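The exercises below are meant to be worked with the sequence and the model open side by side. Try each task on your own before reading its solution.

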Amino acid sequence: MPGKGVYEEDGKLFAATAGKVRIEEKTISVETVKEIPELGKDDVVIGRVVDTRNSFAMVEIARKRGSERALRHYDRALLHISNMSKDYMKNVDDAVKYWDIVVARVIDNSLRLSIKEKDLGVVRAICSKCGSRLEVEKDKLKCPECGNVEKRKVSANYGKGEW
Amino acid sequence: MVSEDLNRLSGDIQLIVDGKRLDGRGFDELRPINIKVGVLKRADGSCYLEMGKNKVVAAVYGPREVHPRHLADPVKAVVRYRYSMAPFSVEERKRPGPDRRSIEISKVSREAIEAVVMKELFPRSGIDVFVEVLQADAGTRTACLNAASVALVDAGVPMRGLISSVAVAKVDDVLVLDPMKEEDNYGQADIPFAFFIRNDKIESIALLQMDGRVSRDEFKEALEMAKRGAMEIYQMQKEAIKAEYMIESEEVNSDE
């Protein structure tokens, strides 16, 4: 049976990448040193909110945690309002806004995201009035330029530059 | 170069003396080849390759998002290949930028690469291959293809096999493998080949060009000659990849 990094042609199996050959229960796979990262359930990703609607936000995924390399191309991932907070949430804008950078967990194989956990959520946001970078103040975000206060699902790592 | 100017004056030069070529090689001998894998930090995969006096670097980026968007293919990846020569790579400074020759080489090389890359695994993505000739002797397109193929392996791009490429030329009425500049300039024919190699076997031809004149029998002989040369190059490509991966896997083990 062909596994990862193996392809079949005319009933024969061939390695598609360079790496270590592993044989487990009739499945042959090749372990590549430089793997092209792929997304699956439970992966943590970082991305940018590119669209917000009534009940969900669309996130453009940039990287997966633990991998330096750019991901293969994916369409936008869906962040539904029910996955934005543990508590009931009425408005998407109370958790994420356009152009926010969020860290989220993939919760199924059709690229749905969740930011319920404490260290997940918005890690960088801009003021919706003047566009300058917001800073944390208690559980809210405050604009140092115009004093505007905004609500978000703030990650524990907000503004630290790491995730 | 003095010797070259003299040759030009005399108009006719002997490229083969006593069964040996100008640089002392036999008819079916390759120029010395040196391959290094993973030489560039910012690229996903890279390779530096020397084939005689040719010095080329290949870089592979991707699979990544394609820009502009309308170039993307919804069912498979698009492969882009750019062959370019540095202005200082040839004796007379070459004006930078693509010209007819390099556009054509990019096209045929891309088609050769497309034959092995498993594009259908990466819909809507692009795989970019850039090859830069830092120093040119003859046969830069073959050197570039060899480098690009190794760089693709280094990038972990799934491929059906490897591409190995070599040229055969006809000089003074004999066929010679891997021609150098003099043989290319004053020879009677030049035939670059690229082969799709899998399981240490040549499966098919991925690139074939010819300029000059050869007879039908000579062409068949040239093909056989190129196959032998390509197998030699293939072994060297494999060794280079293995050497690189051995080090990497040791590092992985020491981390644990």
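**Exercise 1. Decide whether Ile126(A) is buried, partly exposed or exposed, and find the surface feature to which it belongs.**

Solution. Ile126(A) has a relative accessible area of 32% and is therefore partly exposed, given that buried means under 20% relative accessible area, exposed over 50% and partly exposed in between, with a 1.4 Å probe and protein chains only. Before going on, note that this is a predicted model in which local features need pLDDT of at least 70 and side-chain atom pairs count only at pLDDT 80 or more, while totals for chains, interfaces and linings use all residues. Residues are numbered from 1 along each chain as its sequence is written, chains are lettered from A and ligands numbered from 1 in the order in which they are written, and side-chain values use heavy atoms, with hydrogens and water left out.

The next step is to place the residue: Ile126(A) sits in the loop between strand 10 (121-124) and strand 11 (135-137) of chain A, where helices (H or I, at least four residues) and strands (E, at least two) are DSSP runs numbered from the N terminus. Together with Tyr98(A) and Trp99(A), Ile126(A) makes a nonpolar surface patch of about 290 Å². Such patches are made of residues with over 30% relative accessible area and no salt bridge (a side-chain nitrogen of Lys or Arg within 4 Å of a carboxyl oxygen of Asp or Glu), like charges being joined within 9 Å and nonpolar side chains (Val, Leu, Ile, Met, Phe, Trp, Tyr) within 5 Å. The accessible areas come from the Shrake-Rupley method with a 1.4 Å probe, and for residues only the protein chains shown count as cover.

**Exercise 2. Describe the pairing and the two faces of strand 7 of chain A.**

Solution. Begin with the partners, remembering that two strands pair if DSSP finds at least two bridges between them. Strand 7 (residues 77-80) of chain A pairs with strand 6 (residues 56-64) of chain A in the antiparallel sense over 4 bridges, and runs parallel to strand 9 (residues 112-114) of chain A, to which 2 bridges join it. Leu78(A) is the bridge partner of Met58(A), and Leu78(A) also stands opposite Arg112(A) in strand 9. As for the faces, Ala77(A) and Leu79(A) form the covered one, whereas Leu78(A) and His80(A) form the uncovered one.

**Exercise 3. Locate the largest nonpolar core and say which residues have the most contacts inside it.**

Solution. A nonpolar core is a set of buried Ala, Val, Leu, Ile, Met, Phe, Trp, Tyr and Cys residues joined through side-chain atoms within 4.5 Å. The largest one has 67 residues, and those with the most contacts inside it are Tyr81(B) and Leu152(B). Helix 5 (residues 216-255) of chain B gives the largest share of this core, 10 residues. Apart from it lies another core of 35 residues, among them Leu39(A) and Tyr158(A). With contact meaning heavy atoms within 4.5 Å, and leaving aside neighbours within four places in sequence, the contacts of Tyr81(B) include Ile113(B), Val129(B), Val131(B) and Leu145(B).

**Exercise 4. Find where Glu183(B) and Arg25(B) lie, and explain what their salt bridge ties together.**

Solution. The structure holds 34 salt bridges over all chains. In one of them the side chains of Glu183(B) and Arg25(B) meet at 4.0 Å, N to O. Glu183(B) lies in helix 4 (residues 181-186) of chain B and Arg25(B) in the loop between strand 2 (20-21) and strand 3 (33-37) of chain B, so the pair ties together parts that are 158 residues apart in sequence. Both partners are buried: Glu183(B) has a relative accessible area of 0%, and Arg25(B) has one of 5%.

**Exercise 5. Identify what is unusual in the backbone at Pro63(B), Pro68(B) and Asp10(A).**

Solution. The background is that most residues other than glycine have a negative phi, and most peptide bonds are trans. A cis peptide bond joins Gly62(B) and Pro63(B), with omega about 10°, and Pro63(B) is found in strand 5 (residues 54-65) of chain B. The bond from His67(B) to Pro68(B) is cis as well, with omega near -5°. Asp10(A) has a positive phi, near 50°, and lies in the loop between strand 1 (6-9) and strand 2 (12-15) of chain A, where Asp10(A) counts as exposed at 76% relative accessibility.
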